Amino acid sequence: MVGNGMPASALSSSQPVGPGKCLKFNGTETLLQDQPVASLLIQYFKRSANIKRIMTAILRAIHGSVVEVIINNDSKSDHLAWLEMMPYSGSVRTILVYSNDLHEIRGYNRIGSLASAELLIMMQDDDVPRDDSRWLSDALNLFHSYPHLGMLGGYRGRMDDGFKKKPNNANDGSKYGAEPHKDRLRVTKYIPFHEPTLNIPFMWIYKVNMGPLMVRQSWFY
C-alpha cells in the first residue's frame, strides 16, 4: 500500500478494525446494518478472463461486511459473464452500468456518483486483487488509523528524486510497490517500511498508480 496525504506525525490514530467489522470514517463504527463499507468501481473493457478472478477476490475479502460493486461495462460486452458472477443476495450489491466509449477517468467519475460508501476503490479490469483475503481490511484499517489519509494506492508509487527525465517527461525517481518481478524495467522495489501498529507494508509517497486507487468519497466529490 502507498499513501498520499498528510505526514504520519500529523495524524491521530485509533484502534484498527478487523475483517468484517463495520467502519465509518468520522471516527465511529456505527454504520447502518445495510450500509456498505466500500464501493468498488470497476472500469471494464473486454477482459472477460478477469471477471471471475475479480469477483472471487472480492467475495473472499469481505468477511461478512456489506460492499457495493459498480461496474461500468465500457465495451458493452460479456453481459452474461457478468450476470453469472453477480450475487443477487447477501452482503455484495452489484450494479452493472452501460456507459460505453468513455475515457477511464470519466468512467470513474460517472459510476462514483452512484456509490453510497465513503471508501471508493477504483479498479481497472486488469487490477485483480491479491490472493489473500486481507487486502480490503488492510485498506479499511489504514484509513481508520489515519483520519487525514485521503488517497491510498494499491499497487505502486514513485518519488521524484531522480536526476533524469523519461521520454514522457516524467522523473525517473525511485519506484516502490507490489510485484517487482513483473516490472520489465526492473526498477520497482518492495515497500521498505511497515505501518508500526498494523504491520502492513505502507509508506508516504509523492504519486501513485491510477488503479487500484482508494479515496474517500467526501474528498473526491
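How many aromatic pairs does the structure hold? The structure, which is a predicted model, holds four of them. Let us begin with two of these pairs and then walk outward to the cores, the helix and the strands.

A pair of aromatic rings is described by the distance of the centres and the angle of the planes. For tyrosine 146 and phenylalanine 202, the centres are 5.7 Å apart and the planes meet at 15 degrees, so this pair is stacked. It is also a link between distant parts of the chain: tyrosine 146 lies in the loop between α4 and β6, while phenylalanine 202 lies in the loop between β11 (200-201) and β12 (203-204), and 56 residues separate the two. Are these two rings' residues buried or exposed? Tyrosine 146 has a relative accessibility of 8%, and because buried means under 20%, it counts as buried. Phenylalanine 202, at 5%, counts as buried too.

Phenylalanine 202 has another aromatic partner, tryptophan 204. Here the geometry is edge-to-face, with 5.0 Å from centre to centre and 80 degrees between the planes. Tyr146, Phe202 and Trp204 thus belong to one aromatic cluster. Tryptophan 204 sits in strand β12 and, with 26% relative accessibility, counts as partly exposed. If you look for phenylalanine 193, you will find its C-alpha 9.5 Å from that of tryptophan 204, with their positions eleven residues apart in sequence.

Now follow the chain from the loop of tyrosine 146 back into α4. Why can this helix be called largely enclosed by the rest of the structure? Eleven of its eleven residues are buried, so the description fits. The buried residues include nonpolar ones such as Trp135, Leu136, Leu140 and Phe143, but also Ser137, Asp138, Asn141 and His144.

The helix also has a part in the largest nonpolar core, which has 35 residues. Within this core, Ile58, Ile121 and Leu136 touch the most other members. Two or more residues come from each of β2 (38-44), α1 (51-61), β3 (67-73), β4 (92-97), β5 (119-124), α4 (135-145) and β6 (149-153). Of these, α4 gives the most, with six residues. A second core, separate from this one, has ten residues, among them Ile111, Leu120, Met122 and Val215.

It is worth pausing on isoleucine 58. Which residues is it in contact with, leaving aside its neighbours within four places in sequence? They are Leu40, Ile42, Val67, Val69 and Trp135.

On the other side of the tyrosine 146 loop comes β6. Four of its five residues are buried, so β6, too, is largely enclosed by the rest of the structure. Its pairing with strand β14 (residues 213-216) is antiparallel and runs over three bridges. One place to see this is glycine 153, whose bridge partner in β14 is leucine 213. Arginine 216 places its charged end over the ring of tryptophan 219, 5.8 Å from the ring centre.

Last comes an open sheet of four strands, in the order β9-β8-β7-β13, with mixed pairing. Its edge strands, β9 (188-189) and β13 (207-208), each pair on one side only. Between them in that order, strand β7 (residues 156-158) and strand β8 (residues 175-177) run antiparallel and are joined by three bridges. To find this pairing in the model, start at arginine 156, whose bridge partner in β8 is glycine 177.

Technical notes:
Residues are numbered from 1 along each chain as its sequence is written. This is a predicted model: local features need pLDDT of at least 70, side-chain atom pairs count only at pLDDT 80 or more; totals for chains, interfaces and linings use all residues. Side-chain values use heavy atoms; hydrogens and water are left out. A nonpolar core is a set of buried Ala, Val, Leu, Ile, Met, Phe, Trp, Tyr and Cys residues joined through side-chain atoms within 4.5 Å. Buried means under 20% relative accessible area, exposed over 50%, partly exposed in between (1.4 Å probe, protein chains only). Contact means heavy atoms within 4.5 Å. Rings of Phe, Tyr and Trp (its six-membered ring) pair if their centres lie within 6.5 Å; planes under 30 degrees apart count as stacked, over 60 as edge-to-face and the rest as tilted. A charge sits over a ring if NZ of Lys or CZ of Arg is within 6 Å of the ring centre and within 35 degrees of the ring normal. Two strands pair if DSSP finds at least two bridges between them.
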